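Trainee: Hi! I'm new to this one, could you walk me through it?
Mentor: Happy to, let's bring it up.
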Amino acid sequence: MKSTLLYIFILFLIILSKVLEGQPTFTYSRSTTDDERIFDAAEDESGNYYFVGRVYSDDPYYKAAYLLALDPNGQLIYENEFQLTDSVSYFGSIYCQNDSIIIFGAKGSIADALINQLWMLVLDNSFNIIYNRSFTLSECYIGDIESTINQQGHYVLCGNLTIPPQIMPDIFLFEISPMGDSIRSTILAYAGIQLEFDLLENREGGYNVFAKGNFPDGPNTSGKIVYLDSAFNYIWTDSIPYDLKFEHAAKWLSQNTFLITGYKNIYSPSFHEDLGIVKVDQQNNIINQNHFGKLADTIDYVGACSNLDLGINNDIYFGGASNIIPEQGLFQYESSWILLTNLDTNLNLNWQQFYGGDAAYYLWGLKATNDGGCLLMATRYDSNIQDHELDIFILKVDSNGLLTSTGQDFNIPVQQLSVSPNPAQDRVNIRYPDIFG
């Protein structure tokens, strides 16, 4: 009997190792005296991961675009701060296509205190520069960048910019060919503040910009969908359903339905904010809706840059941060958690995981991976040892949100395999993370 149990246990471990081998997990951190943030990620056909963002230094002063590459196990492949002479810069979006790494960002002059050039950098898979393009918009300050690839294979960038002496931002769109040629651009300039959060191309052409602001004949709601034609001409504005506001992300779920995320005000039993998500048809009619958080009185923020992606089985990854104190901004004194939910196509919860709790964590973005898992791009701040500078913190979890190896783990909880009783006689109980679903 004991030999049979031993055989079953060894067989189980072999199966377990094979499953985990197909879904490596890790944590990776970059902790310096500088302020570091990751805004976007991409994966190549070999399972390597590429991350872009920026590094800010106060002494000596510089703000530099940042590129990081990790192998499937979270080991460092490449790292570079693009410190351009007399310039400030950042990267906001990245793609891996045809053995090339395509990066979009912005840069400007330190002397002019402007970031007024869109920046397209294309590298080969050895990180050699293939070509380097810049596009000057105007005397402005480009605040952030979202992007999509349209049906023509062109890159469409959308973001916020401020034109001095104006202090309120407007929304810009810019279309670029794969060879780096400028196709068209526009600025949606209206009275007051216009903020964009995400961009989605329509099935029939044209674009939906998920935004906040004042638009011609627009509804009096916080979240808005701004409809543009394929030449970026304004058509009309509608409300984002489910009363979602701020930090919206959007994804097509099927040929006729798409998802929108954002903050969701919850008023019962007490007021708080949750992570809200809604599924709508092409006419913006609600099909399903749901919201998620940690506790009834906890403030939960959706991820700032990208908080939504689709897994390989059409499951939905949706994430943010829990226990946020809005008055403290990014540099929280209270501990917080990275929150990741996995949903089915009707927005029912498959599972929910929390990571952190030992410092202040904030989620900037997430990306579903080709092995069924998910990348989480976060920052970590410990007010006991840091002075208003954020550290990069990256997690790669498996398809059940589990960390099966710890890497550079900052005490992130990991469910472990347990066997009882030990020694066993007639029966053995094996408890393990639900990697088999």
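Mentor: Let's start with the rings: Phe197, Phe246, Tyr263 and Tyr301 are linked into a cluster by ring pairs. Keep in mind that this is a predicted model.
Trainee: How many aromatic pairs does the structure hold?
Mentor: There are 26 of them. One of these is Tyr56 with Tyr61, an edge-to-face pair with 5.8 Å centre to centre and 75° between the planes.
Trainee: Are those two tyrosines, Tyr56 and Tyr61, buried or exposed?
Mentor: Tyr56 is partly exposed, at 26% relative accessible area, and Tyr61 is partly exposed too, at 42%.
Trainee: Got another pair for me?
Mentor: Sure, Tyr95 and Tyr155 make a tilted pair, 5.6 Å centre to centre with 45° between the planes. This pair links distant parts of the chain, as Tyr95 is in strand E6 and Tyr155 is in strand E11, 60 residues apart.
Trainee: Why does Tyr95 count as buried?
Mentor: Because its relative accessibility is 16%, and buried means under 20%. Tyr155 is buried as well, at 3%.
Trainee: Switching topic, what does Lys294 lie over?
Mentor: Lys294 lies over the face of Trp337, 4.4 Å from the ring centre. Its charged end also sits over the ring of Phe354, 4.2 Å from the centre.
Trainee: And the strands? How does E2 run relative to E3?
Mentor: They run antiparallel, joined by eight bridges; Asp40, for one, has Val52 in E3 as its bridge partner.
Trainee: What lies between E2 and E3?
Mentor: Five residues, making the two strands a hairpin, and Gly47 in the turn has a positive phi of about 85°.
Trainee: How many residues of E2 are buried?
Mentor: Nine of its nine, from 35 to 43.

Note on methods
Residues are numbered from 1 along each chain as its sequence is written. This is a predicted model: local features need pLDDT of at least 70, side-chain atom pairs count only at pLDDT 80 or more; totals for chains, interfaces and linings use all residues. Side-chain values use heavy atoms; hydrogens and water are left out. Buried means under 20% relative accessible area, exposed over 50%, partly exposed in between (1.4 Å probe, protein chains only). Helices (H or I, at least four residues) and strands (E, at least two) are DSSP runs, numbered from the N terminus. Two strands pair if DSSP finds at least two bridges between them. Rings of Phe, Tyr and Trp (its six-membered ring) pair if their centres lie within 6.5 Å; planes under 30 degrees apart count as stacked, over 60 as edge-to-face and the rest as tilted. A charge sits over a ring if NZ of Lys or CZ of Arg is within 6 Å of the ring centre and within 35 degrees of the ring normal.
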